[in-house]
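Q: I would like to learn how to read a structure feature by feature, with the general idea given before each case. Where should we begin?

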Amino acid sequence: MDKDAKDYLIVALDVPTLKEAEDIVDELGDLVGCYKVGLKLFLRFGPNAIEILKNKGKKVFLDLKLHDIPSTVAGAVDAAVDMNLDMLTVHALGGFEMMETAQKIIWEKKAGKPLILGVTILTSLDEAFLQDFLGIDKPMEKQILDLAILAKSAGLRGVVASPKEVSHIKEQCGKDFIVVTPGIRPKGAKKDDQKRVLTPDMAIIRGADFIVVGRTIINAPDRGKATLSIIEDIGDGLHKVT
Ligand code: C5P
């Protein structure tokens, strides 16, 4: 099935209350079909947050970055299937067996979803930390690529990565290996805490399958307008690759 430009967009619901989350979803209506729920909202409101989105017909990406022994993560994935989640993250550093055991739950339950995505190296970590505390000498890009390859070999269908890493990951893991990218900023946006950013059209041109956008939409004076402008930009990117 062909994807429209808006199907590439996932909005990060990084807000402190369910009321705000619901207001945003209602305000954006059909413009947005998928929302990312993170630790902040989930720890406060739990499955309630998911249920509200599901009742509004939205897809849900639960970004809890699971990292534990294989059987514990498998139990969490089992719950995620029952909650009808669409995407879920696990840390690739949890290891091959953890990822494989998680993916096997999806196969055994013949669920098809959630799509389990590997998180490679947190963007908040740097090479000095990897070297000093984990004894990893490889350059960051190589470490990220190796973890993406590990995730793929464990059966995962994709990873979360910065937009600048998409093309390398696609080269190594194949074009069907899904890459979801945060760190998206529209043209001319002011610099903030996101370091490795790209515009929506460039992320699409590099091969991103989904882009995650938070504050650019959530904090916009007119959220609908900000969303439309990002969707237009995604459309421009799609135009350039077809
Ligand atoms: O507000 P902004 O567009 O930067 O939000 C991006 C979202 O993606 C946030 O929910 C953030 O936690 C998440 N994220 C990220 N970088 C990563 C992984 C997740 O920005 N490496």
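A: Let us begin with accessibility, where a residue counts as exposed if its relative accessible area is over 50%, as buried if that area is under 20%, and as partly exposed in between. Please keep in mind throughout that this is a predicted model.

Q: Is Lys110 buried or exposed by that scale?
A: Lys110 has a relative accessible area of 75% and is therefore exposed; this residue lies in the loop between α5 and β5.

Q: What is notable about the backbone of Lys110?
A: The general idea is that most residues other than glycine have a negative phi. Lys110, which is not a glycine, has a positive phi near 50°. Asn84 is likewise a residue other than glycine with a positive phi, of about 65°, and its place is in the loop between α4 and β4 (87-91). With a relative accessible area of 37%, Asn84 counts as partly exposed.

Q: Which peptide bond is cis?
A: As a general matter, most peptide bonds are trans. Here the bond from Lys113 to Pro114 is cis, with omega near 5°, and Pro114 is found in the loop between α5 and β5.

Q: Which residues does Lys54 contact, leaving aside its neighbours within four places in sequence?
A: A contact is taken as heavy atoms within 4.5 Å. With those neighbours left aside, Lys54 is in contact with Lys59, Val60, Asn84, Asp86 and Lys113, so the list includes Asn84, the residue with the positive phi of about 65°, and Lys113, from which the cis bond runs to Pro114. Lys54 itself lies in helix α3 (residues 47-55) and, at 22% relative accessibility, counts as partly exposed. The C-alpha atoms of Lys54 and Glu108, which are 54 residues apart along the chain, are separated by 24 Å.

Q: How should I read the packing of two helices, and what is the angle between α1 and α3?
A: An angle under 35 degrees counts as roughly parallel. The axes of helix α1 (residues 18-28) and α3 come within 11 Å and cross at roughly 20°, which makes α1 roughly parallel to α3. The contact is made by Leu18, Glu22 and Val25 of α1, together with Asn48, Ala49, Ile52 and Leu53 of α3; these residues divide into 5 nonpolar, 1 polar and 1 charged. The crossing of α1 and α3 is right-handed.

Q: Which residues make the contact between α4 and α5?
A: The axes of helix α4 (residues 70-82) and helix α5 (residues 96-108) come within 8 Å and cross at roughly 30°, so these two helices are also roughly parallel to each other, and their crossing is right-handed. From α4 the contact takes in Pro70, Val73, Ala74, Val77, Asp78 and Val81, and from α5 it takes in Glu97, Met98, Thr101, Ala102, Ile105 and Ile106. By kind, the residues of this contact are 9 nonpolar, 1 polar and 2 charged.

Q: Where is Thr120 placed, and what does it touch?
A: Thr120 is in the loop between β5 (115-119) and α6 (127-134), yet this loop residue counts as buried, at 3% relative accessibility. Not counting residues up to four places away in sequence, Thr120 touches His91, Ala92, Leu93, Ile144, Leu147, Ala148, Val159 and Val160.

Q: How many disulfides are there?
A: A disulfide requires a pair of cysteine sulfur atoms within 2.5 Å, and by this rule the count is 0. Cys34 counts as buried at 8% relative accessibility, and Cys173 counts as buried at 4%.

Terms used: Residues are numbered from 1 along each chain as its sequence is written. This is a predicted model: local features need pLDDT of at least 70, side-chain atom pairs count only at pLDDT 80 or more; totals for chains, interfaces and linings use all residues. Side-chain values use heavy atoms; hydrogens and water are left out. Buried means under 20% relative accessible area, exposed over 50%, partly exposed in between (1.4 Å probe, protein chains only). Axes are lines fitted to C-alpha atoms, for helices over the stretch in contact, and angles run from 0 to 180 degrees between N-to-C directions. Helices (H or I, at least four residues) and strands (E, at least two) are DSSP runs, numbered from the N terminus. Angles under 35 degrees count as roughly parallel, over 145 as roughly antiparallel, 65 to 115 as roughly perpendicular and the rest as oblique. A crossing is left-handed if the near helix is turned anticlockwise from the far one by less than a right angle, and right-handed if clockwise. Ala, Val, Leu, Ile, Met, Phe, Trp, Tyr, Cys and Pro count as nonpolar, Asp, Glu, Lys and Arg as charged, and the others, Gly among them, as polar.
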